[in-house]
Amino acid sequence: QATLDLRIDRVRPATPGKDLFGDARMYRLDRHVAFVRGCCHHGDPEEAFAQMTATYMVADQGPSDEQG
């Protein structure tokens, strides 16, 4: 696995002394690339102080062994 691209945009300053939370979601997965969006906030993702987007190279997993 490898990071192909990572971008972080600072929207506003974080508040010193407050807890930090991060949320990220993979919104697309191709055979070899995962696309991810996320944010950093103090508890409310709607009030994020940083946004991120990233793409990651993923290893070829081959066929799934899961039953069901």
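**Ring contacts, salt bridges and burial in a four-stranded model**

Arg 37 lies over the face of Tyr 27, at 3.6 Å from the ring centre. The model in which this arrangement occurs is predicted. Tyr 27 itself is partly exposed, with a relative accessibility of 42%. The ring of Tyr 27 also takes part in an aromatic pair, and the count of such pairs comes to one. Its partner is Phe 35: the two ring centres are 6.2 Å apart and the planes meet at 50 degrees, so the pair is classed as tilted. An angle of 50 degrees falls between the limits of 30 degrees for stacked and 60 degrees for edge-to-face pairs, which is why neither of those classes applies. Phe 35 is buried, at a relative accessible area of 19%, whereas Tyr 27 is partly exposed. The value for Phe 35 counts as buried because the cut-off is under 20%.

The protein contains four strands and zero helices. In sequence order, the pattern reads β-β-β-β. The protein has 68 residues, of which 19% count as buried. The exposed area is about 5,600 Å², and carbon and sulfur atoms supply 50% of this area. Among contacts between residues at least 6 apart in sequence, 46% join residues at least 24 apart.

One of the buried residues is His 41, which has a relative accessible area of 4%. This residue belongs to strand S3, which covers residues 33-41. The side chain of His 41 makes a polar contact of 2.6 Å with the side chain of Asp 23. When neighbours within four places in sequence are left aside, Asp 23 is again among the residues in contact with His 41. The others in that set are Asp 19, Leu 20 and Phe 21, together with Glu 47, Ala 48 and Phe 49. His 41 is counted as buried because its 4% is under the 20% limit.

Charged side chains were examined next. Two salt bridges are found in a search of the whole structure. In one of them, Asp 9 is joined to Arg 7, and the closest N and O atoms are 2.9 Å apart. Both residues are partly exposed: Asp 9 has a relative accessibility of 32%, and Arg 7 has one of 49%. The value for Arg 7 remains in the partly exposed class because exposed requires over 50%. The side chains of Arg 28 and Asp 30 also meet in a salt bridge, with an N to O distance of 3.2 Å. Arg 28 is partly exposed at 46% relative accessibility, and Asp 30 is likewise partly exposed at 32%.

A further position considered is Ala 59. This residue is found in the segment after strand S4, a strand that spans residues 50-57. Ala 59 is separated from Arg 31 by 28 residues in sequence, while their C-alpha atoms are 8.5 Å apart in space. With a relative accessible area of 41%, Ala 59 is partly exposed. His 41 in strand S3, by contrast, is buried.

How values were computed
Residues are numbered from 1 along each chain as its sequence is written. This is a predicted model: local features need pLDDT of at least 70, side-chain atom pairs count only at pLDDT 80 or more; totals for chains, interfaces and linings use all residues. Side-chain values use heavy atoms; hydrogens and water are left out. Helices (H or I, at least four residues) and strands (E, at least two) are DSSP runs, numbered from the N terminus. Buried means under 20% relative accessible area, exposed over 50%, partly exposed in between (1.4 Å probe, protein chains only). A polar contact is a pair of N or O atoms within 3.5 Å; within protein, one must be able to donate a hydrogen and the other to accept it, and residues adjacent in sequence count only if both atoms are side-chain atoms. Contact means heavy atoms within 4.5 Å. Rings of Phe, Tyr and Trp (its six-membered ring) pair if their centres lie within 6.5 Å; planes under 30 degrees apart count as stacked, over 60 as edge-to-face and the rest as tilted. A charge sits over a ring if NZ of Lys or CZ of Arg is within 6 Å of the ring centre and within 35 degrees of the ring normal. Accessible areas come from the Shrake-Rupley method with a 1.4 Å probe; for residues, only the protein chains shown count as cover. A salt bridge is a side-chain nitrogen of Lys or Arg within 4 Å of a carboxyl oxygen of Asp or Glu.
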